[in-house]
Amino acid sequence: MEPTPNKQVIFLKTLDIGYPVVGEHIAVQESSIDLNAPIEQDEFILKTLTISIDPFIRNPMKTPSTKKSAAPIAYYSIGSPIYGFTASRVIRSRNTKFNEGDIVTGVTYLEEYTLISPKTNPFASWLTVRNEIKESGFPLSYHLSVMGMPGFTAHAGLFEIGKPKKGETLFVSAASGAVGQLVGQIAKLQGLYTIGSAGTDEKVAYLKEIGFDAAFNYKTTPDIAEKLAELAPQGIDIYFDNVGGEILEAALESANRFARFICCGMISIYNTENQVGIRNVFQIVGKHITMEGFMVQDYGHLEGAFIKEMKQWLNEGKIKYRETIVEGFDQTAQAILDVQYGKNFGKQLVKVADF
């Protein structure tokens with residue numbers, strides 16, 4: 001039989017500063033795969049159904065660094081596919097843990113079909129069988145968004161680091177994004193006063209629609225520290241940071257004593273040459289602020305409890321969630337750029353195929 005066409009998002013060129021360009025740094029290219037060729041023991045083949053487009057996809061495009069890092073990056077290889085979170089279906093298997101027809105979520109290379117070999121694939125251990133998805137009653141996309149990595153990130157970061165208490169004030173940046181919109185809603189369920197920032201008036205309106213007590217457009221706000229002082233006159237107890245830069249600096253000004261800063265992402269510096277410094281870092285000392293970064297994988301043992309709780313909230317109508325979904329694998333590269341420019345509204349996904 002003829003090999004099957006297999007489109008891939010290929011990494012073409014490293015990029016340390018600036019925004020990636022489709023056709024120069026990444027591109028969708030067509031390869032092929034023989035789906036009937038013999039596979040070795042423990043190997044299996046996945047057909048990609050949905051791709052999660054996350055901000056972190058940008059970082060491995062940089063020139064590999066030899067500097068010691070607390071969170072090492074698996075840099076992309078020029079001429080090879082990039083990677084990201086996906087939902088897939090097993091179409092062939094010689095692995096007892098992954099059977100034909102299983103729905104699998106986790107990190108894979110971004111391609112229509114992918115051969116998983118536990119011996120050589122660095123992401124094999126990150127894959128999980130999620131057959132409950134078939135009968136969940138929720139769209140497949142939800143299992144990569146509100147009930148997937150972004151939702152778990154919001155839940156784990158808020159509870160494990162933020163340790164929210166009823167009556168406290170929370171501020172979240174990029175609040176209409178995949179993680180931020182959930183942080184605010186979960187905090188409201190715990191009795192917190194919530195403030196969010198976003199980059200358009202439409203996104204600000206959405207934040208108020210889903211229950212944020214206050215929200216503002218950071219792009220049209222001349223003085224963010226002044227705005228936070230206005231919206232949170234009693235100060236901020238928890239800051240969930242998805243942006244970094246000047247918004248992080250402003251949050252330090254408004255922080256109360258013993259405030260908790262949850263450092264989840266810093267998209268404001270992913271593509272810029274002149275990174276904004278934190279000029280008031282002494283606030284951490286004087287106010288006894290706790291600032292902690294995290295990777296959601298650190299809390300993997302809590303994922304089951306999170307899914308159960310989120311499912312209940314969704315069924316009860318206590319959580320609303322917005323996604324931006326484009327259809328067709330060809331749209332993947334452009335979707336990656338759209339997230340970097342903030343053009344997406346809510347969680348960005350690419351639908352590749354049906355169940």
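**Exercise 1. Aromatic rings**

Task: find which residues join Phe 11 and Phe 56 in one aromatic cluster.

Solution. The cluster is made up of Phe 11, Phe 56, Tyr 76, Tyr 83, Phe 85, Tyr 109, Phe 123 and Trp 126. This is a predicted model, in which local features need pLDDT of at least 70, side-chain atom pairs count only at pLDDT 80 or more, and totals for chains, interfaces and linings use all residues. Residues are numbered from 1 along each chain as its sequence is written, and side-chain values use heavy atoms, with hydrogens and water left out.

Next, the pairing rule. Rings of Phe, Tyr and Trp (its six-membered ring) pair if their centres lie within 6.5 Å; planes under 30 degrees apart count as stacked, over 60 as edge-to-face and the rest as tilted. By this rule there are 17 aromatic pairs.

**Exercise 2. Two stacked pairs**

Task: decide how the rings of Phe 152 and Phe 306 are arranged, and where each residue lies.

Solution. Step one: the ring centres of Phe 152 and Phe 306 are 5.4 Å apart and the planes meet at 25°, so this pair is stacked. Step two: Phe 152 is in helix α1 (residues 149–162) and Phe 306 in helix α7 (residues 303–315), so placed by DSSP runs numbered from the N terminus (helices H or I, at least four residues; strands E, at least two). The two residues are 154 residues apart, and their pair links distant parts of the chain. Step three: both Phe 152 and Phe 306 are buried. Buried means under 20% relative accessible area, exposed over 50%, partly exposed in between (1.4 Å probe, protein chains only).

Now repeat the steps for Phe 171 and Tyr 239. This aromatic pair is stacked, with 5.0 Å centre to centre and 15° between the planes. Phe 171 belongs to strand β8 (residues 169–172) and Tyr 239 to strand β11 (residues 236–241), 68 residues apart. Phe 171 and Tyr 239 are buried.

**Exercise 3. A charge over rings**

Task: find which rings Arg 322 lies over.

Solution. A charge sits over a ring if NZ of Lys or CZ of Arg is within 6 Å of the ring centre and within 35 degrees of the ring normal. The charged end of Arg 322 sits over the ring of Tyr 206, 5.8 Å from its centre. Arg 322 also lies over the face of Phe 345, 3.7 Å from the ring centre.

**Exercise 4. Three loop residues**

Task: sort Ala 74, Ser 141 and Ile 39 into buried or partly exposed.

Solution. Contact here means heavy atoms within 4.5 Å.

- Ala 74 is in the loop between β3 (44–53) and β4 (83–93). Its relative accessibility is 39%, so Ala 74 is partly exposed. Not counting residues up to four places away in sequence, Ala 74 touches Pro 60 and Tyr 83.
- Ser 141 is in the loop between β7 (128–129) and α1. Its relative accessibility is 8%, so Ser 141 is buried. With residues up to four places away left out, Ser 141 touches Glu 323, Ile 325 and Leu 349.
- Ile 39 is in the loop between β2 (26–33) and β3. Its relative accessible area is 9%, so Ile 39 is buried. Beyond neighbours within four places in sequence, its contacts include Phe 44, Arg 92 and Leu 115.

**Exercise 5. An enclosed helix**

Task: explain why helix α5 (residues 245–254) counts as largely enclosed by the rest of the structure.

Solution. In α5, 8 of the 10 residues are buried, so the helix is largely enclosed. Among the buried residues of α5 are Ile 247, Leu 248, Glu 249 and Leu 252.
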